[in-house]
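Please open the model in a viewer and keep the sequence panel at hand. The tour below proceeds by selection, from the whole chain to individual side-chain pairs.

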Amino acid sequence: MSEDIPTLYEWAGGSEALNRLTRTFYDKMAADPVVGPVFRQMSPDHPAHVAAFIGEVFGGPKTYSEKHGGHREMVMHHLGKHLTEEQRRRWINLLADAADEVGLPDDPEFRSAFMGYVEWGSRLAKMNSNLGETCDPETEPMPAWGWGVPGGPYKPPAGKS
């Protein structure tokens, strides 16, 4: 992509916005009867770790890979959780609600990319959660998400470039 086109990380508002998103999201999760039980034992640092992961996936700093083990480590956190489709869908809805609440950009291009990643990532997490403790995702590369099809056309939302 051209250097003048912002990454999804930049468009979202950087680490500050993603940290607001994950804090709000995990507050919603803790109170939710469907997904709350799965996440109640998370460390207080978990929202910041997830914000760093999303930030890296969206083209930001490689903080998660450098400090927390990269995609392999994220996959390992899901092993043996046995997530259900109902939990996956609730997770998506709560994250979309949190994105609205914290004011992430709501232009169709950003939200399409954001929700596309959320859909893909949540399906991968559900799949990995049911593989069991014997899975070793040693070769799992860190995902990289952008504005639609790699190499495809990009048109910034109206009024922005």
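Helices (H or I, at least four residues) and strands (E, at least two) are DSSP runs, numbered from the N terminus. The model is a predicted one, in which local features need pLDDT of at least 70, side-chain atom pairs count only at pLDDT 80 or more, and totals for chains, interfaces and linings use all residues. Residues are numbered from 1 along each chain as its sequence is written, and side-chain values use heavy atoms, with hydrogens and water left out.

**The whole chain**

Select the protein chain and display it as a cartoon. The chain contains eight helices and zero strands, in the order α-α-α-α-α-α-α-α from the N terminus. Of its 161 residues, 44% are buried; buried means under 20% relative accessible area, exposed over 50%, and partly exposed in between (1.4 Å probe, protein chains only). Contact means heavy atoms within 4.5 Å. Among contacts between residues at least 6 apart in sequence, 78% join residues at least 24 apart. The chain exposes about 8,900 Å², of which carbon and sulfur atoms supply 52%; accessible areas come from the Shrake-Rupley method with a 1.4 Å probe, and for residues, only the protein chains shown count as cover.

**Helix α2**

Next, select residues 14-31, which form α2. This helix has 18 residues and spans 27 Å from its first C-alpha to its last, close to the 26 Å expected at 1.5 Å a residue; the expected span is 1.5 Å times one less than the number of residues. Its buried residues are Gly14, Ala17, Leu18, Leu21, Thr22, Thr24, Phe25, Tyr26 and Met29. What covers them includes α1, α3, α4, α7 and α8.

**The nonpolar core**

Select Leu21, Phe58, Leu104, Phe110 and Phe114, the residues with the most contacts inside the largest nonpolar core, which has 36 residues. The elements giving two or more residues to this core are α1 (8-12), α2 (14-31), α3 (36-39), α4 (46-57), α7 (85-102) and α8 (108-129). A nonpolar core is a set of buried Ala, Val, Leu, Ile, Met, Phe, Trp, Tyr and Cys residues joined through side-chain atoms within 4.5 Å.

Centre the view on Phe58. Not counting residues up to four places away in sequence, Phe58 touches Thr7, Leu8, Tyr9, Phe114, Tyr117 and Trp145.

**Aromatic rings**

How many aromatic pairs does a search of the whole structure find? The search finds 11; rings of Phe, Tyr and Trp (its six-membered ring) pair if their centres lie within 6.5 Å, with planes under 30 degrees apart counted as stacked, over 60 as edge-to-face and the rest as tilted. Select Phe110 and Trp147: their ring centres are 6.5 Å apart and their planes lie at 65°, so the pair is edge-to-face. Phe110 belongs to helix α8 and Trp147 to the segment after α8, so the pair ties together parts that are 37 residues apart in sequence. Both Phe110 and Trp147 are buried. Extend the selection to Trp11, Phe58, Phe114, Tyr117, Trp120 and Trp145, which form one aromatic cluster with Phe110 and Trp147.

**Two further stops**

Arg40 is in the loop between α3 and α4 and is partly exposed, at 48% relative accessibility. Arg40 touches Ala30 and Asp32, not counting residues up to four places away in sequence. The C-alpha atoms of Arg40 and Ala30 are 6.1 Å apart, with their positions 10 residues apart in sequence numbering.

Move to Gln87 in helix α7, which is buried at 14% relative accessibility. Leaving aside neighbours within four places in sequence, Gln87 is in contact with Val34, Val35, Val38 and His82.

**Salt bridges**

The structure holds nine salt bridges, each a side-chain nitrogen of Lys or Arg within 4 Å of a carboxyl oxygen of Asp or Glu. Select Glu101 and Lys28, whose closest N and O atoms are 2.8 Å apart. Glu101 lies in helix α7 and Lys28 in helix α2, so this bridge ties together parts 73 residues apart in sequence. Glu101 is exposed at 53%, whereas Lys28 is partly exposed at 25%.

Finally, select Glu85. This residue forms salt bridges with Arg88 (2.8 Å) and with Arg89 (2.9 Å, N to O). Arg88 is buried at 5% relative accessibility, while Arg89 is partly exposed at 49%. Adding Glu119, Arg123 and Lys126 to Glu85, Arg88 and Arg89 displays a linked network of salt bridges.
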